[in-house]
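Me: Could you take a close look at one part of this model for me? I would like to see how it sits within the whole chain, with its surroundings described residue by residue.

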Amino acid sequence: MPGKIEGKVVSITEEGNLVTDISEEQLTGVPRSDQVAIRCDEHETVGIHAADHSEPEFTFLAFLGPSGFLELAIVGVSASDMLGIREGESVLIKW
């Protein structure tokens, strides 16, 4: 049965990561595979990665941040600057 979680960007880290209001608890039971799509503005990525991922530079990805909330990032650069996304933008997770 497909599922979805809706949230929004609530803050931006010093590195330019987009911190959402989607908590680790809300993600319990959500697959970590590429069957999960995360969309913010018109930008989309698949899968939820570990914070210590080994994805290459300039990869747009989602991961559980140290605060316990889902973060969106572009490896090595500011996701906020590169994508023009600010606080309040909606985030949708579908699987």
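Reply: Happy to. Of the 95 residues in the chain, 45% count as buried, where buried means under 20% relative accessible area, exposed means over 50% and partly exposed is anything in between (1.4 Å probe, protein chains only). Please keep in mind that this is a predicted model, in which local features need pLDDT of at least 70 and side-chain atom pairs count only at pLDDT 80 or more, while totals for chains, interfaces and linings use all residues. Residues are numbered from 1 along each chain as its sequence is written, and side-chain values use heavy atoms, with hydrogens and water left out.

Let me set the scene before going to the part I have picked, the stretch around strand 3. The chain has one helix and eight strands, taken as DSSP runs numbered from the N terminus (helices are H or I with at least four residues, strands are E with at least two). In sequence order they follow the pattern β-β-β-β-β-β-β-α-β. The chain is as compact as a globular protein of its length, because its radius of gyration of 12 Å is close to the 12 Å that the globule rule gives for 95 residues; the radius is taken over C-alpha atoms, and the rule is 2.2 Å times the number of residues to the power 0.38. Along its principal axes, the C-alpha trace spans about 35 × 30 × 25 Å. Counting contacts (heavy atoms within 4.5 Å), residues 24 or more positions apart account for 52% of those with a separation of 6 or more.

Now to the core. The largest nonpolar core has 21 residues, and those with the most contacts inside it are Leu27, Ile38, Leu70, Leu72 and Ile93. Strand 1 (4-12), strand 2 (18-23), strand 3, strand 6, strand 7, helix 1 and strand 8 (90-94) are the elements that give two or more residues to this core. Such a core is a set of buried Ala, Val, Leu, Ile, Met, Phe, Trp, Tyr and Cys residues joined through side-chain atoms within 4.5 Å.

Ile38 makes a good place to stop and look around. Leaving aside neighbours within four places in sequence, Ile38 is in contact with His43, Glu44, Thr45, Val46, Gly47, Ile48, Ala62, Leu70, Leu72, Val91, Leu92 and Ile93. Arg39 is found in strand 3 and, at 35% relative accessibility, counts as partly exposed. With residues up to four places away again set aside, Arg39 touches Glu44, Ser90, Val91 and Leu92. Its C-alpha atom is separated by 14 Å from that of Ser80, 41 residues apart along the chain.

The loop between strand 3 (37-40) and strand 4 (43-46) holds Asp41. Although Asp41 is not a glycine, its phi is positive, about 60°. Asp41 is partly exposed, with a relative accessible area of 31%.

A second positive phi turns up in the loop between strand 5 (48-49) and strand 6 (60-64), where Phe58 is found. Phe58 is not a glycine either, and has a phi of about 70°; at 56% relative accessibility, Phe58 counts as exposed. His53 is found in the loop between strand 5 and strand 6 and is partly exposed at 26% relative accessibility. Beyond its neighbours within four places in sequence, His53 is in contact with Leu61 and Val75. To tie this back to strand 3, the C-alpha atoms of His53 and Ala37 are separated by 17 Å, with the two residues 16 apart along the chain.

Strand 7 is worth a visit too, and Phe69 is found there. At 30% relative accessibility, Phe69 counts as partly exposed. Phe69 and Ile22 are 47 residues apart in sequence, yet 5.5 Å apart in space, C-alpha to C-alpha. Ile22 is also among the contacts of Phe69 outside four places in sequence, along with Val19, Thr20, Asp21, Ser23, Phe63 and Leu64. After strand 7 (69-74), the loop leading to helix 1 (79-83) contains Ser78. Ser78 counts as buried, at 15% relative accessibility, and touches Glu15 and Gly16, not counting residues up to four places away in sequence.
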